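Subject: The structure to look through

Hi there,

Here is the structure I promised to pass on. Please open it beside this email and follow along as you read.

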2 protein chains.
Amino acid sequence: MNTIILNKSAFVKGFAASVGPLEKEGKYGKYFDTFFKDPLLGEDTWEKAESKLQKSAIDNSIKKAGLNNKDIDLIVAGDLLNQCTASTFSNINTNTSYLGVYGACSTMALSIGVASLIISGGFKTNVVAATSSHFCTAERQYRFPLEYGGQKAPSAQHTVTGAGSLVITSKPTNIEIKSITFGKIVDMGITDATNMGAAMAPAAADTISAFFSNTNTTPCDYDALFTGDLGEVGSDLLVKLLKKTNIDITPIYDDCGLMIYDRENQDVDAGGSGCGCSASILCGYILNMMQKNELKNVLFCATGSLQSPTSANQNMSIPGIAHLINFKVI
Amino acid sequence: MNTIILNKSAFVKGFAASVGPLEKEGKYGKYFDTFFKDPLLGEDTWEKAESKLQKSAIDNSIKKAGLNNKDIDLIVAGDLLNQCTASTFSNINTNTSYLGVYGACSTMALSIGVASLIISGGFKTNVVAATSSHFCTAERQYRFPLEYGGQKAPSAQHTVTGAGSLVITSKPTNIEIKSITFGKIVDMGITDATNMGAAMAPAAADTISAFFSNTNTTPCDYDALFTGDLGEVGSDLLVKLLKKTNIDITPIYDDCGLMIYDRENQDVDAGGSGCGCSASILCGYILNMMQKNELKNVLFCATGSLQSPTSANQNMSIPGIAHLINFKVI
């Protein structure tokens with residue numbers, strides 16, 4: 001597994017996050033560009049609501065980049081829904097080329113990675129990277145219909161109703177995509193779908209240790225490391241797994257799943273999850289802090305658990321994956 | 001929508017196709033590297049069988065490229081299953097970085113496109129592009145359990161049990177990836193899931209006409225144009241749609257969905273479909289013909305219909321997408 005180092009060739013131009021009401025009430029609520037009080041966003045299905053949420057983030061990021069839709073050469077997007085339909089219906093008839101990716105909750109880093117390589121290779125000028133998730137579409141698909149009122153295990157995470165979008169561009173801005181590390185699929189035989197943090201932590205440890213080794217750097221060289229959505233169980237496990245290889249991330253580490261809600265006052269079990277979790281924290285909080293120079297050298301490691309309802313019902317294990325992006329203020 | 005022209009920077013090194021028994025008995029049976037008489041491939045679920053089928057194509061393509069697994073820098077793969085689990089379980093614990101894509105039946109062209117840009121940009125040396133589909137996993141997921149014995153409309157297509165894999169490399173071989181055209185999502189309001197050819201044809205027409213316009217070429221400049229899996233209804237429609245824009249593809253045109261089976265003697269309705277349809281015809285027949293110099297300048301346009309069972313049940317339309325790769329013998 002090799003880290004791809006870019007040489008000041010891909011930059012963040014515009015970014016935006018859109019969230020639902022619970023996320024707005026969370027600790028980072030003030031950082032999100034747009035919030036929808038109605039989780040249905042005025043639509044008649046949760047699925048249409050998620051597509052609209054993603055579209056609002058994409059449109060906002062393009063606007064904040066000072067661009068129009070016609071300036072966008074390509075959209076790289078994906079989501080958690082079967083056949084990635086949230087992204088499909090968010091991007092129909094836009095007259096822009098579309099590249100679909102699937103990385104479960106690692107999608108924000110995956111789409112940024114793909115978009116950045118296409119920019120850095122000189123193939124396109126402005127590429128959108130986007131993703132979303134919605135609590136109600138995810139519950140229906142992965143767990144139980146909301147009406148059933150299913151109980152959750154304390155290790156379970158709450159799928160974030162949120163979307164994030166960035167415009168990656170070839171023209172220099174103050175935030176550079178410094179490197180990309182695509183992870184590998186790590187399967188440790190975990191089968192408990194209410195404990196996805198544990199399933200994803202080994203993949204995150206694998207990608208993060210590969211990154212430090214490939215770049216010959218240590219956690220001290222960075223201002224912050226954010227994982228996607230390991231939640232309480234998974235992030236504890238990650239710290240322990242990395243300590244075994246003599247990497248101490250604790251001084252710079254936080255997890256988007258632990259950050260997004262107010263866990264003392266909101267009923268969200270082990271924290272947030274879903275593609276929209278790390279996406280909205282990245283496009284809401286992290287990149288805003290970088291634009292203000294309050295964070296300068298950041299590692300963003302989004303993590304995904306790659307099971308499906310069918311594979312879970314068939315007692316297959318839950319493989320994990322983690323992709324890492326190094327953003328740097330220049 | 002712009003075609004990306006590569007300048008002798010990405011090449012096809014090894015390729016392989018693996019299929020099931022019905023495909024082996026079809027018109028192109030002799031071109032497939034591996035066939036499995038048992039559609040379960042000795043596994044206890046159809047889903048495990050599909051992963052094994054994809055793995056056999058990947059392993060074979062690496063072997064035929066004269067490489068080992070450790071020489072592969074990245075695997076780009078996807079499939080039709082919810083959360084792309086066929087590709088996930090095909091590539092767990094391989095120690096190779098993994099980049100998941102989703103393009104429904106357009107996945108073969110999509111994964112080749114992404115892999116080729118990563119090679120052409122100088123980011124990696126050997127990248128695998130792969131996909132698969134399986135009749136029994138697709139029936140279970142999209143339509144009815146096999147045991148139900150559901151009847152099909154004559155416009156319906158038969159999902160191919162097949163997988164294809166290529167190694168794309170930076171070192172020159174005799175087959176170059178000349179250009180890539182990522183399509184846009186085209187939604188014409190089709191809602192009949194038993195007529196996916198009609199849903200995909202407008203997207204194919206859009207991508208193909210953009211390609212000819214962008215490259216200032218005509219069908220006469222190419223030996224062959226293959227669409228992914230439009231089947232009988234969709235390919236007729238494509239020819240008509242392109243004629244309206246004064247593009248006559250008939251002298252060079254064939255559709256992988258119409259090619260793969262012996263439709264006079266096999267009960268496959270409007271032809272083959274699924275990611276594995278165009279993948280196995282490409283990695284079985286087309287690239288073999290190119291290696292023998294019998295085809296020299298080929299357009300491969302894989303088409304995908306982007307619905308999910310949920311979106312179909314919600315009466316959403318079926319958006320289509322088509323990505324186009326130009327392969328050239330040098």
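A residue is called buried when its relative accessible area is under 20%. Keep in mind that this is a predicted model.

With that cut-off in hand, have a look at helix α5 of chain B, residues 135-142. How many of its 8 residues are buried? The count is 7, so the helix is mostly covered by the cut-off of under 20%. The buried ones are F135(B), C136(B), T137(B), A138(B), E139(B), Q141(B) and Y142(B). They pack against α2 (46-64), β6 (126-133), β7 (158-159) and α10 (309-313) of chain B.

Next, the nonpolar cores. In soluble globular proteins, nonpolar side chains tend to be buried together. Here the largest nonpolar core has 114 residues, and L166(A), F327(A), L166(B) and F327(B) have the most contacts inside it. A second core, separate from that one, has 44 residues, among them C275(A), I58(B), Y98(B) and Y142(B). You have already met Y142(B) as one of the buried residues of α5(B).

Now for how the two chains sit together. A turn of 180° with a shift of 0.0 Å along the axis lays chain A on chain B, with an RMSD of 0.0 Å. Why does that matter for naming the symmetry? Because this is the relation of a two-fold axis. The same surface serves both copies, as 100% of the contact residues of chain A recur in chain B.

The contact takes 56 residues from chain A and 56 residues from chain B. Between them the chains bury about 4500 Å², with 62% of it on carbon and sulfur atoms. Q83(A), F123(A) and I185(A) supply 17% of the area that chain A buries against chain B, more than any other three residues. There are 0 salt bridges between the chains, but 20 residue pairs are in polar contact. Elements giving two or more residues to chain A's side include α2 (46-64), α5 (135-142) and β14 (320-329) of chain A. The largest share of that side, 5 residues, comes from α4(A).

Finally, try zooming in on T303(A), which lies in strand β13 (residues 297-305) of chain A. Is T303(A) buried or exposed? It counts as buried because its relative accessibility is 0%. The side chain of T303(A) makes a polar contact with the side chain of D229(A), at 3.1 Å. Leaving out residues up to four places away in sequence, T303(A) also touches others, including C105(A), M200(A), L230(A) and I321(A).

Happy exploring!

Conventions. Residues are numbered from 1 along each chain as its sequence is written. Chains are lettered from A and ligands numbered from 1 in the order in which they are written. This is a predicted model: local features need pLDDT of at least 70, side-chain atom pairs count only at pLDDT 80 or more; totals for chains, interfaces and linings use all residues. Side-chain values use heavy atoms; hydrogens and water are left out. Copies are superposed by least squares on the C-alpha atoms of residues with pLDDT of at least 70 in both. Contact means heavy atoms within 4.5 Å. A nonpolar core is a set of buried Ala, Val, Leu, Ile, Met, Phe, Trp, Tyr and Cys residues joined through side-chain atoms within 4.5 Å. Buried means under 20% relative accessible area, exposed over 50%, partly exposed in between (1.4 Å probe, protein chains only). Helices (H or I, at least four residues) and strands (E, at least two) are DSSP runs, numbered from the N terminus. Buried area is the accessible area (1.4 Å probe) that two parts lose on being put together, summed over both. A salt bridge is a side-chain nitrogen of Lys or Arg within 4 Å of a carboxyl oxygen of Asp or Glu. A polar contact is a pair of N or O atoms within 3.5 Å; within protein, one must be able to donate a hydrogen and the other to accept it, and residues adjacent in sequence count only if both atoms are side-chain atoms.
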